[in-house]
Amino acid sequence: MEKIIRVGEKEVLFRATGATPLKYRNAFAGKDIFKDLMSLEGVEEGSIDGLDMGIFERIAYVMSDAVSKHISFEDWLDSFELMDIMNALPEIMELWEANGLTQSEPVKNT
């Protein structure tokens, strides 16, 4: 799935595909996107205590077209204002969740 999302003053193409976890692991030295997301469980909604914003920045980066354009993580983040990514985060995470919900169930062989 893909969607153009406004991040600050820019429109950015984001993709959530089966390759997203692999791109995440390759871009961030073996980090696991699922483990990182699970580490956020139990964080009270609306609270920033115990919240690692870097996880969201990394997810946004690998879902953006920056990886295929070979733009470094730091350069990509540097192209936005401080809160641009955080403001676009709800739409980015909706795209991630929608991708997970639309994956087909494995077929059982009988």
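**Exercise 1.** Which residue forms a salt bridge with K3, and how many Å apart are the closest N and O atoms?

*Solution.* Keep in mind that you're working with a predicted model. Start at K3 and look for its partner: that's E91, with the closest N and O atoms 3.1 Å apart. Next, place the two in the fold. E91 sits in helix α5 (residues 84–101) and K3 in strand β1, so this pair links distant parts of the chain, 88 residues apart. Last, check accessibility: E91 comes out at 32%, and K3 at 32% as well. Buried would need under 20% and exposed over 50%, so both values land at partly exposed.

**Exercise 2.** Find the salt-bridge partner of E2 and say which strands the pair links.

*Solution.* The partner is R15, with 3.0 Å between the closest N and O atoms. E2 belongs to strand β1 (residues 2–7) and R15 to strand β2 (residues 10–15), 13 residues apart. As for R15 itself, its relative accessibility is 33%, so call it partly exposed.

**Exercise 3.** Take the salt bridge between R58 and D36 and work out whether each residue is buried or exposed.

*Solution.* First the contact: the two side chains meet at 3.3 Å, N to O. R58 is in helix α3 (residues 53–63) and D36 in helix α2 (residues 33–38), so the bridge ties together parts 22 residues apart in sequence. Now the accessibility: R58 has a relative accessible area of 12%, and D36 has 12% too. The cut-off for buried is under 20%, so R58 and D36 are both buried.

**Exercise 4.** How many salt bridges does a search of the whole structure find?

*Solution.* The search turns up four.

Methods. Residues numbered from 1 in each chain as written. Predicted model: local features only at pLDDT ≥ 70, side-chain atom pairs only at ≥ 80, totals over all residues. Heavy atoms only, no water. Helix = DSSP H or I, 4+ residues; strand = E, 2+ residues; numbered from the N terminus. Buried < 20%, exposed > 50% of the residue type's maximum accessible area, 1.4 Å probe, protein only.
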